[in-house]
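Dear colleague,

I am passing on the structure we spoke about, and I would be glad if you could look through it alongside the notes in this message.

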Amino acid sequence: RPWVIAVPEISERELGPKDKVVILGSDGVWDRMASQEAVDIAARHRDPAAAAREITSVARQRWHSTTQGQMSDDITAVVMHLDHASP
């Protein structure tokens with residue numbers, strides 16, 4: 001039974017002027033954090049790298065507390081702030 005699945009979950013939508021941030025995360029993030037919480041964290045940071053670090057840190061802490069440090073999934077996040085004013 002494989003632990004790594006080669007078929008990604010993909011969703012597609014058109015971005016509009018109200019969209020301010022894009023967050024790409026591995027399942028290790030989304031298994032421990034709701035999408036809105038990740039958006040709220042990203043909104044608190046001007047630096048997208050700092051936002052990604054906080055998102056992964058929170059997810060890692062939750063994995064460790066839930067499994068008493070015995071287990072953790074891949075925990076990866078990329079945060080991109082969108083600037084609709086630029087051409």
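Below is what was found, beginning with the chain as a whole and then turning to its nonpolar core.

Please keep in mind throughout that this is a predicted model. The protein chain contains 3 helices and 2 strands, and, read from the N terminus, its elements follow the order β-α-α-α-β. Taken along the principal axes, the C-alpha atoms occupy a box of roughly 45 × 30 × 20 Å. Among contacts in the chain with a separation of 6 or more, 66% are between residues 24 or more positions apart.

As for the surface, the accessible area of the chain is about 6,800 Å², and carbon and sulfur atoms account for 54% of that area. Of the 87 residues, 26% count as buried. The chain carries 10 positive and 13 negative charges, and the mean positions of these two groups lie 5 Å apart.

The largest nonpolar core has 15 residues, of which Ile23, Met33, Ile55 and Val79 touch the most other members. At least two residues of this core come from each of helix H2 (35–43), helix H3 (48–66) and strand E2 (77–81), with H3 giving the most, namely 6 residues. In soluble globular proteins, nonpolar side chains tend to be buried together.

Ile23 may be a useful residue to display when you open the model: apart from its neighbours within four places in sequence, Ile23 is in contact with Trp30, Ala38, Val39, Ala42, Ile55, Val78 and Val79.

With best wishes

Conventions:
Residues numbered from 1 in each chain as written. Predicted model: local features only at pLDDT ≥ 70, side-chain atom pairs only at ≥ 80, totals over all residues. Heavy atoms only, no water. Core = buried A, V, L, I, M, F, W, Y, C linked by side-chain atoms within 4.5 Å. Buried < 20%, exposed > 50% of the residue type's maximum accessible area, 1.4 Å probe, protein only. Helix = DSSP H or I, 4+ residues; strand = E, 2+ residues; numbered from the N terminus. Contact = heavy atoms within 4.5 Å. Areas by Shrake-Rupley, 256 points an atom, 1.4 Å probe, with all protein chains shown as cover. Lys, Arg positive; Asp, Glu negative; His and termini not counted. Charge placed at Lys NZ, Arg CZ, Asp CG, Glu CD.
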